[in-house]
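Below are some notes for a colleague who is opening this structure for the first time. Please read them with the model in view.

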Amino acid sequence: MSKALVLLFHPIFSHSKANAALASAVADMSNTELVDMYAAYPGGIDMFRDGEAEAARLLAADHIVLQFPVQWYSTPPLLKAWQDAVLTRMFYLAYEKEGRRLEGTQLMIAATAGNTPDSYQPGGRNMFPMNELFAPLRATAHRCGLLWAKPFVLYKADKLTPAELKVAATDYTDALRDWIGVTSAEKAA
């Protein structure tokens, strides 16, 4: 059975409605570990103090999800710090022991955005499609040999009703189950 690891990077999770709904739904999924990274690392993450434990967590997973709110067209600061600490360690300091073993792992981005899908297009308020905003993450995945999956993006995240959030949470878990099922079957074939 495949194990999925969902790393949640929300800087003020207590104020979140959308990421909270998504995280709550994921927490009920079998063979899935959800980690609130801001709760785990309130003072920040360090390559030498925390890197080995985070590398072990990644290596124990078959599927990795990076869940976060899009903030100013980018990721929250701790996600970038996590990349610097953990991926730098794995791929530049401990490649044979860690980085090489992570290659081929499935990766999905699960992001929330406050605006509408139409605003994320040429000529829209935010000018760029979400896939273009994810380019640095996709490049990182490529560099690390991670298998990029179609991102799950929830738009109008701060404007959704409780009923809409419930539907979004179901859509999210359905997308994760489908992705895990398909990629696990492909790996077994």
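1. Overall size. For a chain of 189 residues, a compact globule would have a radius of gyration near 16 Å, and the chain has 16 Å, so the two agree. The C-alpha trace spans about 45 × 35 × 30 Å along its principal axes.

2. Confidence. The model is predicted. Its pLDDT averages 93 over the chain, and 97% of the residues score at least 70. Strand β3, residues 63-69, has the highest confidence, with a mean of 98. At the other end of the scale is helix α8, residues 162-188, where the mean is 88. As a general caution, predicted coordinates should not be read in detail where pLDDT is low.

3. Secondary structure. There are 8 helices and 6 strands in the chain. Read from the N terminus, their order is β-α-β-α-α-β-α-α-β-α-α-β-β-α. The chain therefore opens with a strand and ends with a helix.

4. Contacts along the sequence. How many of the contacts between residues at least 6 apart in sequence join residues at least 24 apart? The share is 76%.

5. Burial and surface. Buried residues account for 47% of the 189 in the chain. The exposed area is about 9700 Å², and carbon and sulfur atoms supply 56% of that area.

6. Charges. The chain carries 18 positive and 20 negative charges. The mean positions of the two sets are 1 Å apart.

7. Helix α1. This helix covers residues 18-27 and is mostly covered, with 7 of its 10 residues buried. The buried residues are A18, N19, A21, L22, A23, A25 and V26. When looking at the helix, recall that an α-helix has 3.6 residues a turn, so residues three or four places apart point the same way.

8. W82. Is W82 buried or exposed? Its relative accessible area is 3%, which is under the 20% cut-off, so W82 counts as buried. W82 sits in helix α4, which runs over residues 77-93.

9. Surroundings of W82. Which residues does W82 touch, leaving aside its neighbours within four places in sequence? Its contacts are L7, F9, M37, I45, E54, L58, L66 and L87. One of these partners, M37, is 45 residues away from W82 along the chain, yet the C-alpha atoms of M37 and W82 are separated by 9.0 Å. Another partner, L66, falls within the residue range of strand β3, 63-69.

Methods
Residues numbered from 1 in each chain as written. Predicted model: local features only at pLDDT ≥ 70, side-chain atom pairs only at ≥ 80, totals over all residues. Heavy atoms only, no water. Helix = DSSP H or I, 4+ residues; strand = E, 2+ residues; numbered from the N terminus. Rg over C-alpha atoms; globule rule 2.2 N^0.38 Å. Buried < 20%, exposed > 50% of the residue type's maximum accessible area, 1.4 Å probe, protein only. Contact = heavy atoms within 4.5 Å. Areas by Shrake-Rupley, 256 points an atom, 1.4 Å probe, with all protein chains shown as cover. Lys, Arg positive; Asp, Glu negative; His and termini not counted. Charge placed at Lys NZ, Arg CZ, Asp CG, Glu CD. pLDDT = per-residue confidence, 0-100.
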